[in-house]
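Here are some notes for a colleague who will be looking through this structure, set out as numbered points. They begin with the term on which the remarks about strands depend.

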Amino acid sequence: MAQGLIEVERKFLPGPGTEERLQELGGTLEYRVTFRDTYYDTPELSLMQADHWLRRREDSGWELKCPGAAGVLGPHTEYKELTAEPTIVAQLCKVLGADGLGAGDVAAVLGPLGLQEVASFVTKRSAWKLVLLGADEEEPQLRVDLDTADFGYAVGEVEALVHEEAEVPTALEKIHRLSSMLGVPAQETAPAKLIVYLQRFRPQDYQRLLEVNSSRERPQETEDPDHCLG
């Protein structure tokens, strides 16, 4: 994925007929894949508390999700996804208030920044793409990922990638329209895999995020990474 794209997404709870409905709507199955995601943070979850989600995907490298612009309310999230390691390191240093680490590899700064593994799990994914009827052929296709984590949680995600903030409202309209066609209730929210992992296996960390987010959205309404991220 190109550096600096804005990911606009909405998570939902898929049902047994979701894939069949995607086919009816003209969706194409791109691939099925299994991968492991490992997430990193400080012991105090300083990154997650700042709505930043650092992940290493097996055979795919590092990704840091950073919050997009606020102001559009609803059951969706908006993130900038950083994948170039020097850019990730620079953003990590900014968020964590560290100087003088340069712009090296992410792995090289984990120790100096106090970052450690906080979650790791395997996901089976089926990835779909489709264009809504009436959409401009030049407009990017919507993606729908249907995930099942190895700890028994299944979640879907409708996603659009845009280059500028001005494109976000149009992307949201398409995401909500497709969600409706898939039978997703208008205000349904679904937790990200990482949040459910923390809730089940690191409840104290999950509670810490709840407390931090008590004055805004609950943490389950932010990404997974897979984040919170997808």
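1. Two strands are said to pair here if DSSP finds at least two bridges between them, and the remarks on strand partners below should be read in that sense. With that in mind, Asp37 stands opposite Arg57, a residue of strand 3. Please keep in view throughout that this is a predicted model.

2. As to the overall make-up, the chain contains seven helices and eight strands. Of its 230 residues, 48% are buried, while the surface that the chain exposes comes to about 10800 Å², with carbon and sulfur atoms supplying 49% of that area.

3. Strand 2, which covers residues 28–41, runs antiparallel to strand 6, residues 116–130, and 13 bridges join the two. One of the residue pairs that can be checked directly is that of Asp41, whose bridge partner in strand 6 is Gln116.

4. Strand 2 also pairs with strand 3, residues 53–57, again in the antiparallel sense and over four bridges. Two pairs of facing residues may help in following this part of the model: Tyr40 stands opposite Leu54 of strand 3, and Asp37 has Arg57 of strand 3 opposite.

5. Strand 3 in turn pairs with strand 4, residues 61–67, in the antiparallel sense, and here the count is five bridges. Within this pairing, Trp53 is found opposite Lys65 of strand 4. How much of strand 3 is covered? The strand is mostly covered, with four of its five residues buried.

6. The connection between strand 3 and strand 4 deserves a look at the level of the backbone, as the two strands form a hairpin with three residues between them. In this hairpin Asp59 takes a positive phi, with a value near 70°.

7. The last point concerns Asp147, which lies in strand 7, residues 142–149. Is this side chain's residue, Asp147, buried or exposed? Asp147 counts as buried because its relative accessibility is 4%, and the cut-off for that class is under 20%. Its side chain is joined to that of Arg125 by a polar contact of 2.7 Å, so a reader inspecting Asp147 as a buried residue at 4% relative accessibility may wish to display Arg125 alongside it.

Definitions and conventions
Residues are numbered from 1 along each chain as its sequence is written. This is a predicted model: local features need pLDDT of at least 70, side-chain atom pairs count only at pLDDT 80 or more; totals for chains, interfaces and linings use all residues. Side-chain values use heavy atoms; hydrogens and water are left out. Buried means under 20% relative accessible area, exposed over 50%, partly exposed in between (1.4 Å probe, protein chains only). Accessible areas come from the Shrake-Rupley method with a 1.4 Å probe; for residues, only the protein chains shown count as cover. A polar contact is a pair of N or O atoms within 3.5 Å; within protein, one must be able to donate a hydrogen and the other to accept it, and residues adjacent in sequence count only if both atoms are side-chain atoms.
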